[in-house]
Amino acid sequence: MKSILKYFSEIFYGVKSLLGGMRVTGSYFFRPSTIVTQKYPENRDSLVMFDRFKGEVVMPHNEKNEHKCTGCGICEINCPNGTIEIISKMVETEDGKKKKAIDKHIYRLGMCTFCGLCVKTCPSNALAFGQEFEHAVFDRSELIKVLNQPGSQLEKGVE
Amino acid sequence: MSFNIYDLTSFTEWIHNSLSQAMSPGWVTVTEMVIVGVAFLTFYAIVGLFLVYAERKVCAFMQNRLGPNRVGPFGLFQTIADLTKLLFVELVSIRKADKVLFNLAPFIVIIASFMAIAAIPFAKGLHAIDLNIGVLYVLAVSSLGVIGILLAGWSSNNKYSLIGAMRSGAQVVSYELSVGLSLLTIVVLAGTMQLSEIVEAQRHGWFIFTGHIPAFIAFVIFIISSTAETNRGPFDLAEAESELTAGFHTEYSGIKFAFFFLAEYINMFIVASIASTLFLGGWMPLHIGSWEGFNNVMDFIPPFFWYLGKTGFIIFIMMWFKWTFPRLRIDQLLKLEWKYLLPINLVNILLMALIVLLEWHF
């Protein structure tokens, strides 16, 4: 008797759980608003990448065209594949002292693995990750970028 | 010559009469066979292409995706593009394969489904052959396809193909029983095996309603076991992509692969057609007893669209549970058939016989 009861309860439990699964997929089918796929090239204007997305390494500049890079070279030393190269120059400060500053912060996007060591280890937080991801170009030389903008200076107070 | 879209008998008779005037009876038969063959081939291609598209869209929506949406509006031409690609793919010849059987297998699969589709009533008068043992014929012919699958698996000389084919054999042999018995339940209720008469008997209510609970149970069992018979998910052990690469058609490429692919979808269509003919009244509009007004409104929709609507509904259900349930293991598959479906089916057919004898049905 007990086994007969078990047989029928198994059938009912099975049917119930199967219908539960079908209810979930059915509700997705009839509610197209639950679709998560994005139509990429069409939604380019409204596309927002998430905060921690590693698109490319950038050097943020403020509105006075000043950056925070002191030219210390830690990022260059830390970079595992030689992506970063810093060309420094000597500038004379207001009080007549000579000081090291960057001439060019060269970043080779084509070699970068986006490990993030440069951004993490920068003592003055001069580097950051940008959200741009459409990097395809027809000439490899275009992937070599100079991160500091022309004419930019070291921000006051950053040593 | 005006055609009545509610009764196509006059249309088919008109074709027959005008052909008879032009040629001798022997040639009339040949010409009619060619016309029917060409019509079915066209229908075949359209249905196959549409079902592949529909399946991809349905599966995508159930998985919160968009599905094909690049080729043409809403991706409608995606399957045409796929077919064009398949036609240009090289037919790789397998060195150690049994050449004759290897090339024969896809044709057997597709011929079996071709023969089955001939017996299906599409609308009043639109019926290639109306055999008086239509149900038996469809059952017999639709199970021929498994020979093609077994041949494909054997002749490929590939372990994946052979395992897939053997699984398919075990599966079809067991589930054939359930398909037959669930159809027999309806044959008991209808008292005939002729498909046109079965449809006609549902004039005052479809069998799924007039047959009480046994008809509904038979319907559910038929849907489950016919899905297994067509080797579709969740019973797609014969293909089982994750275990057997592609199962019995691992070694096939190009148009031969397309034949297997097409046959799978056409088999699903045939199975859905049989389900709609036997349980949901085929092309018969929805009639409720003696509600004259309601019945007349329903009669206004042409039978062919009723047929397509019902078949589409059943196909949707089959896609729905294909994309919901995980694949069964082979022991679970056999347990489901022999421990659950078959005993329930046997009791169900007794119950139906009792209902018919006591005249409890409507």
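Start with chain B of this predicted model, and select the boundary between domain 1 of chain B and domain 2 of chain B, where the count is 1 salt bridge. To display that salt bridge, pick B:Arg232 and B:Glu55, whose closest N and O atoms are 3.0 Å apart.

Next, colour chain B by its domain assignment, which gives domain 1 as 11-88 and domain 2 as 92-358; the C-alpha centres of these two domains lie 19 Å apart. Selecting the residues in contact across this boundary should give 18 residues from domain 1 of chain B and 25 residues from domain 2 of chain B. Together the two domains bury about 2000 Å², with 84% of that area on carbon and sulfur atoms. Within domain 1 of chain B, highlight B:Phe40, B:Tyr44 and B:Glu55, which supply 35% of the area that this domain buries against domain 2 of chain B, more than any other three residues. Across the same interface there are also 4 residue pairs in polar contact, with both residues at pLDDT 80 or more.

Now move to the interior and select B:Ile117, B:Leu183, B:Phe269, B:Leu278 and B:Phe279, the residues with the most contacts inside the largest nonpolar core, which has 69 residues. This core takes at least three residues from each of the two domains of chain B, domain 1 (11-88) and domain 2 (92-358). Centre the view on B:Leu183 and, leaving aside residues up to four places away in sequence, look for the residues it touches: B:Val135, B:Leu139, B:Phe222, B:Ile274, B:Leu278 and B:Phe279. A second, separate core has 17 residues, and A:Met59, A:Cys69, A:Ile102 and A:Leu143 are among them.

With chain A selected, colour domain 1 (2-34) and domain 2 (56-154), as the domain assignment gives them. The C-alpha centres of these domains of chain A lie 58 Å apart.

Finish where the chains meet, by selecting the 19 residues of chain A that are in contact with 18 residues of chain B. Between them, chain A and chain B bury about 1700 Å², of which 70% is on carbon and sulfur atoms. Which side chains meet here in a salt bridge? They are those of A:Glu42 and B:Arg70, at 3.5 Å from N to O, and the count between the two chains is 1 salt bridge. The chains also have 8 residue pairs in polar contact, both residues being at pLDDT 80 or more. Colouring the side of chain A that touches chain B by residue class shows 11 nonpolar, 5 polar and 3 charged residues.

Definitions and conventions:
Residues are numbered from 1 along each chain as its sequence is written. Chains are lettered from A and ligands numbered from 1 in the order in which they are written. Side-chain values use heavy atoms; hydrogens and water are left out. Contact means heavy atoms within 4.5 Å. Buried area is the accessible area (1.4 Å probe) that two parts lose on being put together, summed over both. A salt bridge is a side-chain nitrogen of Lys or Arg within 4 Å of a carboxyl oxygen of Asp or Glu. A polar contact is a pair of N or O atoms within 3.5 Å; within protein, one must be able to donate a hydrogen and the other to accept it, and residues adjacent in sequence count only if both atoms are side-chain atoms. Ala, Val, Leu, Ile, Met, Phe, Trp, Tyr, Cys and Pro count as nonpolar, Asp, Glu, Lys and Arg as charged, and the others, Gly among them, as polar. Domain bounds come from an automatic or database domain assignment. A nonpolar core is a set of buried Ala, Val, Leu, Ile, Met, Phe, Trp, Tyr and Cys residues joined through side-chain atoms within 4.5 Å. Buried means under 20% relative accessible area, exposed over 50%, partly exposed in between (1.4 Å probe, protein chains only).
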